[in-house]
Structure formats: C-alpha cells, structure tokens
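Here is a short report on the interior of one protein model. Keep the structure open while you read.

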Amino acid sequence: MELREFNNQVHSPPDYPSPSLRFQTVPDQDTSAVQFDWASPTEDAEDSKEPRNLRELPLHMGLKKALWQVQQMRVPVVSSSWNVKQSQTFRRFCEVANYILSYFVLWKRGIQKIGGHFGGGVQSYFLFLRFLVILNFLSSLLIAAFVLIPSIVFRSMNLNSTIASTVNLTDEEICLQYDPKPGALLVFYTFILDLVSGTGFMEYSYLFYGYYDNSVTESNGFSYNIPLAYMLMAAFYFLFCLICMIIRMGDTARLVVVMGGEAVGGYSMEVFTGWNHGLQGDFETKAKQNNLRHRLQLDLEEERLKKKAASLTLGKTVSLYALRVFLNLVVLILIGATFYGIAQATLFSQSMKLTGFNGLLLQYLPSMVITASNFVVPLLCNKIALLEKYSAGTTIILSLLRVVFLRLVSLGVLLYTLWEQITCKGEISNNNCKPCHYNYAQYKCWETRVGQEMYKLTLFDFLITFATLILVEFPRRIVVDHCLCKLTQLVGRQEFLVAPNVLALVYSQTVVWTGAFFCPLLPFINTIKLFIFYYCKKTTLFQNCQPATRNFRSTTSNFFFMLVLLFGWTLSSMVLLYSVTKIHPSYGCGPFRLNTAMWDVVPGAVNMLSHTSKEFLFYIGSEKFSIPLFLFSCVLLCYVHALTSVHGKSVTLLKSQCKLEQRDKQFLVRQIEELNAKVQKKQHEPQQPQTETKPLYHTETQWNQHYNNAFDLDTDT
C-alpha cells in the first residue's frame, strides 16, 4: 500500500504522555467559542460582593478585554442597590470635576514641560514655587477680608467710632506726636525714592502698620473691632500657613516612606527605576544619562570612602577628626564675622540720617550686607566642605545645613539689633526709653520701621534676582555659545542648582512672615514677586542653563525643603510672639496705640462677652480642661506610636522577604546556568557508536494502537 493511502485515512489524535496543557485531551464539546458564564458571578464574587480582579483570572488578554467590556455593561443587567448606583454616579461626577479642574491648575503644562526636559529635581523647585504663590495669595485674601477692606470701607463712610484707652496719657503727650505725611511740594525723584524705601507717602498708607487706627466701629447694631481683627488676622494667618505646610509635608513624607528613602534597592533602584520616561529631546536624554552615571559614581565613591574609613589606623583617624574640628571652627568664624558685619551695618544704617540717593544707599545697607554674605559665605563653606573628606551626600547635606543656618540666623541678627535699638537693650529706665517705654526719639513708630526693613529686604531680593538674570546669566550664555576658546568651554553654561534656589525662596518667605504683621500687604507683594520669578526662572532655565550633574531625589528633597520652611515659620512666630507680648506698642500709630501691650486687646474683648461665653473660655483655659486634654493627647500619641511601630515591623518584614526572594531568584538563576552548562557539555561530547542495530523489518508496525499498513513488506518482490 502506498503512503498516500495513510494520509487519506482519518485517525484520532495521538495521546502522548505530556504534562503540557495543549496536548491534553479535551472533552467532546464545541470549542469554537469560549464558554464563559457572563451573567452569573463566581462563588467568590458572590461571597465578597465585589468583582474579581481580572489580573487574577488565568485567561489570555483578548478574553480579559472582552470580560472587562462586559463588566462595564453589567450595570443594567445585574441587580444593584440604590446606594451602589449613587456611589457610581458620585464617582463619575468627581472624575469629571477633577478633569475640568485640572485645566485651572496654575502653570500645569509649563511645569510638566520643565519636568520633561530637566527631570523631577528641577520640577520640584517650580512645584515649591507654585505652592508659595498660592499660599501667599490665599494669605492676602485673608488679610484683606479681616483688616484691609473693613478699614477702607469704614474710613470712606466716616462711621462713628469709639477709641478704647487703657493707659494714662498724662506724662506721655510727647509720645503721641507722629506725622509722616510729606509736604506739598516735592521733587519728582523723591517719589521714586519713597517707593523704593517705603518712606514718605508710602509710610502713611495701608501698606504699613502705622496707618491703621484703633477704632471700634458701631453702626445700626453692627460692631467691628479693628484692633481685635488685626490681632486675630495675624493669628489665623500663621495658623493657616502652618496647616498648609503640615498637609504638604504629610504628602511628601508619605512618598518618602513608600519609596523607602535611599536604603532600598541601592544600585538596582538607580539602574531599573532611575530613568525618567517623560524626557523630551536628545539633549535632555543625554543629560539624564550623565546624571545617572554621576550618581552611580557617587555611590561607588561613597562605598570606597566607607571602606577607607574602616581601614584607617588610630593615628590617621585622630588626624582626620582634628582636621574636621579645625575646619568647623573656621566656618564658625566666618559665620560669626558675617553676623557681626550685619549687626554693625544695621546700627550704622539706623544711626545716620541722610537724604537723597545717599540716604537710599544707607537705608539699603543691611540688605546689601545680608545679600552679599549669603552669596560669598556659602561658596567658601562649600570649598571648606571638600577638605573635610566626607562622602558626597554628607558633603551636600552639611553645606546646605550651613547655608540654612546662615540665612535664617542673619535675619535673626538683623531683628535682634533692631530690638536692641527700640527697647534700649531692654533697659526701660534708660533716658531714651523713659518717657515712652521705647526709643521714641529714633523710632516714633517702631512697628512701621520694622515693616520698612522687611519691605526693603523683599524688594532688594527681587531687584538682585532680576539684575542677575539680565547682567550675568544672559551674557554668560552668549559668551559661551559664541566664543570657542578653551576657558569659556571649560566654564560652560551655568547649572540650575535646585537646593540654593529653593533656600532662597525659603529665606524670602521667612522675611514675608516676619514682616506681615508690620506690613500687612507684604504677602500680596510677595505673590506678585514670585509670580514674576516663575517666568524669569523658566526663561533662564531653558535659555541659559544646562541640567545639573548633581542633584537630590525629588521625594527626599521636597520633604527637606518643607522642613527648612517650617524652621523659617518658627523663627517668624517667635518674632511675632515677642513683639506682641513684650514690647510696648507705639503711642502715635497703629491699632494698639493706647494699650500697654498688643495682647491686651484680647482680654479686653473677652471681658466684653456674655457671662456664659466667658465661663466657657475660662473653662477651656483652666486645668479642668487642659489636664484631661493632655492625658488624652498622651494616650493618642501612644496609640499612634504603637501603630507606627507595628507598621514599621511589617515594612521591615516585607523588605526582608523581598531580599529573600531576590536570593531565591539568584539561586534559581545559578541552578539554570549550571544545568545549561551540563547540557551543553553533553552535546559537545562525541557520541558512542551503536553496537547493536535492528534490521529494517523490525520497524514498529503499530503506532498509537493503530496498524500502519505503510510498513508492510512487499511479498511479491
């Protein structure tokens, strides 16, 4: 029989003993369509009353897609309760609302473009800038609603007001003299000088503390206490800023905990998750590659320094620590000299009285010294930090901490010098402070003078930033692009360093917090300033800068920046509390001009309340309420600490399990490599010749229990 006859016959499929599913026998049924019960849920779904996750189903992608489409259409088929329908409707409404509100997010596309070209580190700076813009804008609305708009309305309507006096003015008539209004005829350029320095017509305006009165407006049963509103405005302003910072710090801290900081993964995190898939352009891609290469080099350098530090002898260790102590002393001397220079510049500026342009330079002398010190001293500290032989990460953190200390404490030195001049170094019995309880001869309205100093610091910071953009950054880019000499190519374009720019924003915001009580419109001025800063920084970023080779992770850096901002808020709060409770307010200006202390307006307002309200407030401030509240807070803190420790142990256990899984995978990979080596070795070995061969007629005529006629011998031949 010919072989083609075998092909014409119909045979059942062979039954090979194989574990593979594709060779297993299938029951007699129509397999042309997938049999799946779409309407009836599984037992697990009925028990849990939740749809089963499609990722858990052992189905191919086409079937999963079809199942997902059916699940989307199951709403009218499956009987659902009214609550489920309402929750789905509310969820869809929230999704649509979020989609619509996303178009109103400030600078959304611009910040996304920055992140695509320069990475998440530079993007974090602009996100922080946007946060400060929104914070200052909302704070401006709060100040306008409490103080500014009521003062403008009451002053324009000439409503009746009663002035509350709590001090005896028999011996203080001289202290009431305060008239900053300029004369009728002035040279034109004096208006510009007054605008820049905050004097003249700017001093007696709604911009500063001294223009607000201490009236209690009453009209048709309506009463509004301007001093109380001014005090509550300051309290709500600082409390609102604190709440916003805590919320943002909570979000960033949650990301840091989820990411695990830099302790998880090590080199694997850099290699497998360090790439930014949102980068656009070849230049940005190469910059990111160089950045990853640099970070890996830093990691290797840190490991090398750790091994070198572990192998140091006792003598070398002592000499290294002695060198670090000496360099720290040098840094402290530099910072101390800076503080001394700021104090002397402030004393000289406050003691001398000049007019015209020389007077303007004299008024800006403390601002110039602070700005110059914030530029020069950090450069010297960075050079000194390189000699301390720390790791790269420790060097950066140490330099940043020194810069933060320098910026914030320099502002504190300026304020401390002003307080010494205002309060006669705390000696009220001094001849300069005896009649008015403050240095009236030099500071007729000391609150406005403090507000003017903060106003000049804010304005000078803006002018320096804008001048640097025009006079330094653009010329440097032009020279580097058009000059081919080795020096310019070695210098290259400037790098956009995230940490110094963010610390500059923190310093600016600290100045605003410090002066907001004495200059109520300062948050609004800072909003306009930061709004212009965004476009200036964005322009110089794309036109003049190149991506930095050394930067922070965006998650950890955001938390660090918010922590530094919280330190600035703490410093400003201490200044406010000291001014409100300890220093006597000016007699001739401001809403607290007739009080012995600014805080006296709050007890006076409480005494005007009803008996029930006063008893309630006194109960809240008594030990009967504070002690149970303290105990409850302790119990709550203990519970949170216990919960955190449990979660920490769970995270540690999961990390250890991940490490064990990695070791298991490495073990399996080694086993596979060994088996592959053995198989390849057997394949390369020469095969032994067969000693026994079966004749041709010994070929099996049975195949899968079927008789094969093609292998019958031809008996005719």
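What follows covers a nonpolar core, a cavity and one threonine. The model is predicted.

**The core.** The largest nonpolar core has 107 residues. Seven names stand out, since Phe126, Phe128, Trp419, Trp446, Trp513, Phe517 and Leu565 touch the most other members. Helix H5, residues 108–157, gives the most to this core, with 16 residues. Leaving aside neighbours within four places in sequence, Phe126 is in contact with Ile111 and Ile114. Phe126 also meets Phe496, Tyr534, Lys537, Lys538 and Leu541.

**The cavity.** The structure holds 2 cavities of 30 Å³ or more. The second largest is described here.

| Second largest cavity | Value |
|---|---|
| Volume | about 30 Å³ |
| Nonpolar lining residues | 6 residues |
| Polar lining residues | no residues |
| Charged lining residues | 1 residue |

Its lining is made of Val404, Arg407, Leu408, Leu503, Val506, Tyr507 and Val564. Helices H13 and H16 (498–515) each supply at least two residues of that lining.

**Thr423.** Helix H13 spans residues 392–423 and includes Thr423. Is Thr423 buried or exposed? Thr423 counts as buried, because its relative accessibility is 10% and the cut-off for buried is under 20%. A polar atom of the Thr423 side chain lies 2.6 Å from the backbone oxygen of Trp419. Trp419 is also among the core residues that touch the most other members. Not counting residues up to four places away in sequence, Thr423 touches Ile428, Cys433 and Ile583.

Conventions. Residues numbered from 1 in each chain as written. Predicted model: local features only at pLDDT ≥ 70, side-chain atom pairs only at ≥ 80, totals over all residues. Heavy atoms only, no water. Helix = DSSP H or I, 4+ residues; strand = E, 2+ residues; numbered from the N terminus. Buried < 20%, exposed > 50% of the residue type's maximum accessible area, 1.4 Å probe, protein only. Polar contact = N/O pair within 3.5 Å; in protein donor to acceptor, adjacent residues only side chain to side chain. Contact = heavy atoms within 4.5 Å. Core = buried A, V, L, I, M, F, W, Y, C linked by side-chain atoms within 4.5 Å. 1 Å grid on protein atoms, 1.4 Å probe; cavity = no way out; pocket = protein on both sides within 12 Å on 5 of 7 lines; lining within 4 Å. Points joined across faces, edges and corners; volume = space filled by probe spheres on them. Nonpolar A, V, L, I, M, F, W, Y, C, P; charged D, E, K, R; others polar.
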